[in-house]
Amino acid sequence: PDVTDFRGFGLAPELPPMTYRAAHLIAHEEFSLANFSLSALGLGENHDIGLIYLDRVVAEVEPSILMRPQESYQIVSGAEVSIAGYGQSTLESGQSLGIKYYADTVINEVGEAEMQVGREAPLPQKCRGDSGGPTMMHFDDGLYPAYRVVGITSHAYSREDCTVGGVDTRVDGHWHWLDTTMVEGCSRGLR
């Protein structure tokens, strides 16, 4: 079965292959859906980040790693990044939610806690359904893996929706929260 096509996931009685049940979810304590309104688009500080602990160990997939705080200086306008998500394709007509897409694009605007990824066609954009997906960057520092997660898809950049890029939560801006929460999760037996 194709693990990049989850269009029928909600209708299936069982989980698709290579998927795992969530056992625990920890959202950032300052996150609130009330912060997301049409008047609050653009870059801000929404703390749209969380951790999900799975119900079992995933040994057959190499994990992605987060960029290190000392690499933050590389998050700049024009930097090349790769995006992935199951959201609506802006390349096809009609709905295509549930199919995994990969694309290369650029960081357009950078804030302290968020960044705009993509901008205008023909650059690939993020769209509805991509939330929570990774933005990866290649680092030439000799460390492995060279591709690291730099952002997490959060929300639309403007009322123009999927045509002017999307907003990612920067992982470097939440490094301390991620580290502390992971350690606490381990000590509480969640991981």
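Reader: Isoleucine 65, what relative accessible area does it have, and what does that make it?

Author: In this predicted model, isoleucine 65 has a relative accessible area of 31% and is therefore partly exposed. Isoleucine 65 sits in the loop between S2 and strand S3, the latter being residues 80-85.

Reader: And which residues does isoleucine 65 touch, leaving out those up to four places away in sequence?

Author: With those sequence neighbours left out, isoleucine 65 touches Tyr144, Pro145, Arg148 and Val149. As for distance through space, the C-alpha atoms of isoleucine 65 and methionine 136 are separated by 9.5 Å, although the two residues are 71 apart along the chain.

Reader: Arg148 has come up there, so what about salt bridges: how many does the structure hold?

Author: The structure holds 5 salt bridges. Arg148 takes part in a network of them, in which it is linked with Arg68, Glu71 and Asp141.

Reader: Within that, how far apart are the closest N and O atoms of glutamate 71 and arginine 148?

Author: The closest N and O atoms of glutamate 71 and arginine 148 are 2.4 Å apart in their salt bridge. Because glutamate 71 lies in the loop between S2 and S3 while arginine 148 belongs to strand S7, the pair ties together parts that are 77 residues apart in sequence.

Reader: Are these two, glutamate 71 and arginine 148, buried or exposed?

Author: Both glutamate 71 and arginine 148 are buried, and for glutamate 71 the relative accessibility is 3%. Glutamate 71 also forms a salt bridge with arginine 68, where the closest N and O atoms are 3.1 Å apart, and arginine 68 counts as partly exposed at 29% relative accessibility.

Reader: Switching pairs, which residue does aspartate 172 form a salt bridge with?

Author: Aspartate 172 forms a salt bridge with arginine 170, and the closest N and O atoms of that pair are 2.5 Å apart. Aspartate 172 has a relative accessible area of 12% and so is buried, and arginine 170 counts as buried too, at 8% relative accessibility.

Reader: What does glycine 111 touch, again leaving out residues up to four places away in sequence?

Author: Under that condition glycine 111 touches Leu43 and Arg170. Glycine 111 lies in the loop between strand S4 (101-110) and strand S5 (114-117), and its C-alpha atom is 8.7 Å from that of arginine 170, with their positions 59 residues apart in sequence.

Reader: Different topic: how many helices and strands are there in the protein?

Author: The protein has 1 helix and 8 strands, and their order from the N terminus on is β-β-β-β-β-β-β-β-α. Of its contacts with a separation of 6 or more, 63% are accounted for by residues 24 or more positions apart.

Reader: What should the span of helix H1 be, and what is the distance between its end C-alpha atoms?

Author: Helix H1, residues 175-187, has 13 residues that should span 18 Å at 1.5 Å a residue, and its end C-alpha atoms are 18 Å apart, which agrees.

Reader: Which residues of H1 are buried?

Author: The buried residues of H1 are Trp177, Leu178, Thr181 and Gly185. Seen down the axis of H1, they fall within an arc of 95°, so they line one face of the helix. The cover over the buried residues of H1 includes strand S1 (22-27) and S2.

Reader: And what does the face turned away from the buried side of H1 carry?

Author: That face of H1 carries the exposed residues His176, Val183 and Ser187. After H1 comes glycine 189, whose phi is positive, near 80°.

Reader: Since S2 was mentioned, which residues make the nonpolar surface patch?

Author: Leu25, Ile52 and Leu54 make a nonpolar surface patch of about 300 Å². Leucine 54 is found in strand S2, which runs over residues 50-54, and it is partly exposed, with a relative accessible area of 35%.

Reader: Last one: how much of the protein counts as buried, and how much area does the protein expose?

Author: Of the 191 residues of the protein, 36% count as buried. The protein exposes about 11200 Å², of which carbon and sulfur atoms supply 55%.

Key: Residues numbered from 1 in each chain as written. Predicted model: local features only at pLDDT ≥ 70, side-chain atom pairs only at ≥ 80, totals over all residues. Heavy atoms only, no water. Patch = residues over 30% accessible without salt bridge, like charges linked within 9 Å, V, L, I, M, F, W, Y side chains within 5 Å. Areas by Shrake-Rupley, 256 points an atom, 1.4 Å probe, with all protein chains shown as cover. Salt bridge = Lys/Arg side-chain N within 4 Å of Asp/Glu carboxyl O. Helix = DSSP H or I, 4+ residues; strand = E, 2+ residues; numbered from the N terminus. Buried < 20%, exposed > 50% of the residue type's maximum accessible area, 1.4 Å probe, protein only. Expected span 1.5 Å × (residues − 1). Arc of directions from axis to C-beta. Contact = heavy atoms within 4.5 Å.
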